[in-house]
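Trainee: Could you pick one part of this model and walk me through it slowly? I'd like to see how that part fits with the rest.

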Amino acid sequence: MRIISGKYKSRRFDVPKTFKAHPTTDFAKENLFNVITYWMEWEETTALDLFAGTGSISFELLSRDCKKVICVEKDPLHAAFIKKVKDELKDERLTLIRGDAFKFIESCRQSFDFIFADPPYALKTLPLIPEMIISRHLIKTNGVFVMEHPKEYDFSALPYFSQQRIYGAVHFSIFIFTGEITPQ
């Protein structure tokens, strides 16, 4: 895993080969951040990384000086890896929650400027995630929500949908929360 930009740029962390996660590729991550940086003031941003996996997106956010990052990861081995990297970076802006992302969404009383979700592609409840984020008001006005998903899903009919970006086999649906539901 490599951090693309910011103060931790070019730092590499060896992800154990036994991991089940499909990390977002460097190519896809770099292109996604090139797009979303247009909307974000990273130093003022509070972020949520759901289904954090290796923590790659969380560490990219920290590297760009994100004010606060909460990452949620259920798998104990993945969570241990995220904690190890956090400890190596000595960055206290990251809060790791080892738990189920759906339970976190249901119980969360906080809203964020940026949310990234990269659920396991085989997850049967994957299509429910954008609507849960919207209905639970987890994103602030003018905030950005990015959902990574396989090509079989199309979220373009949902409120706040802005665009889809495709980088190889990686699909990102991007939602921008204007505070008003946009007609489709």
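How much space lies in the largest pocket?

Mentor: About 400 Å³. Before we look inside, remember that this is a predicted model: local features need pLDDT of at least 70, side-chain atom pairs count only at pLDDT 80 or more, and totals for chains, interfaces and linings use all residues. Residues are numbered from 1 along each chain as its sequence is written, and side-chain values use heavy atoms, with hydrogens and water left out.

A pocket here is an open set of points on a 1 Å grid over the protein atoms alone, where a 1.4 Å probe fits and protein lies on both sides within 12 Å along at least five of seven lines; lining residues have an atom within 4 Å of a point. The volume is the space filled by probe spheres set on those points, which are joined across faces, edges and corners.

Now, who lines the largest pocket? There are 28 lining residues, and the closest to the pocket's centre are Phe51, Gly53, Glu73, Asp118 and Pro120. By type, the lining divides into 13 nonpolar, eight polar and seven charged residues. (Nonpolar covers Ala, Val, Leu, Ile, Met, Phe, Trp, Tyr, Cys and Pro; charged covers Asp, Glu, Lys and Arg; the others, Gly among them, are polar.) The elements α2 (56-63), β2 (68-73) and α4 (101-107) each put at least two residues into that lining. Helices (H or I, at least four residues) and strands (E, at least two) are DSSP runs, numbered from the N terminus.

Take Gly53 as a landmark. The C-alpha atoms of Gly53 and Val72 are 8.6 Å apart in space, with their places 19 residues apart in the sequence. Val72 sits in strand β2 and is buried, at a relative accessible area of 1%. Buried means under 20% relative accessible area, exposed over 50%, and partly exposed in between (1.4 Å probe, protein chains only).

Now follow the chain around. Val15, in the segment before α1, is 39 residues from Thr54 in sequence, yet their C-alpha atoms are 7.2 Å apart. Val15 is partly exposed, at 25%. Another link of this kind joins Glu43 to Leu61: they are 18 residues apart along the chain and 9.7 Å apart, C-alpha to C-alpha. Glu43 lies in the loop between α1 and β1 and is partly exposed, at 47%.

That loop also holds Trp42, which brings us to the rings. The whole structure has twelve aromatic pairs. (Rings of Phe, Tyr and Trp, its six-membered ring, pair if their centres lie within 6.5 Å; planes under 30 degrees apart count as stacked, over 60 as edge-to-face and the rest as tilted.) In one of them, the rings of Phe27 and Tyr167 are 6.0 Å apart at their centres with planes at 85°, so this pair is edge-to-face. It links parts of the chain 140 residues apart, with Phe27 in helix α1 (residues 26-36) and Tyr167 in strand β6 (residues 161-167). Phe27 is exposed, at 52%, whereas Tyr167 is buried, at 11%. Trp42 and Phe114 also make an edge-to-face pair, 5.9 Å centre to centre and 80° between the planes. That one bridges 72 residues, from the loop between α1 and β1 (46-50) to strand β4 (residues 112-117), and both Trp42 and Phe114 are buried. Phe27 turns up again in a cluster, where ring pairs link it with Phe116, Tyr167 and Phe172.

Since Phe27 is in α1, look at that helix too. Its buried residues are Ala28, Lys29, Leu32, Phe33, Val35 and Ile36. Seen down the axis of α1, they fall within an arc of 155°, so they line one face; the arc is that of the directions from the helix axis to the C-beta atoms. The face turned away from that buried side carries exposed Phe27 and Asn34. In α3, the buried residues are His78, Ala79, Phe81, Ile82, Val85, Lys86 and Leu89, and they too lie within an arc of 155° seen down the axis of α3, so they line one face of the helix. Why does this sort of striping come up? An α-helix has 3.6 residues a turn, so residues three or four places apart point the same way.
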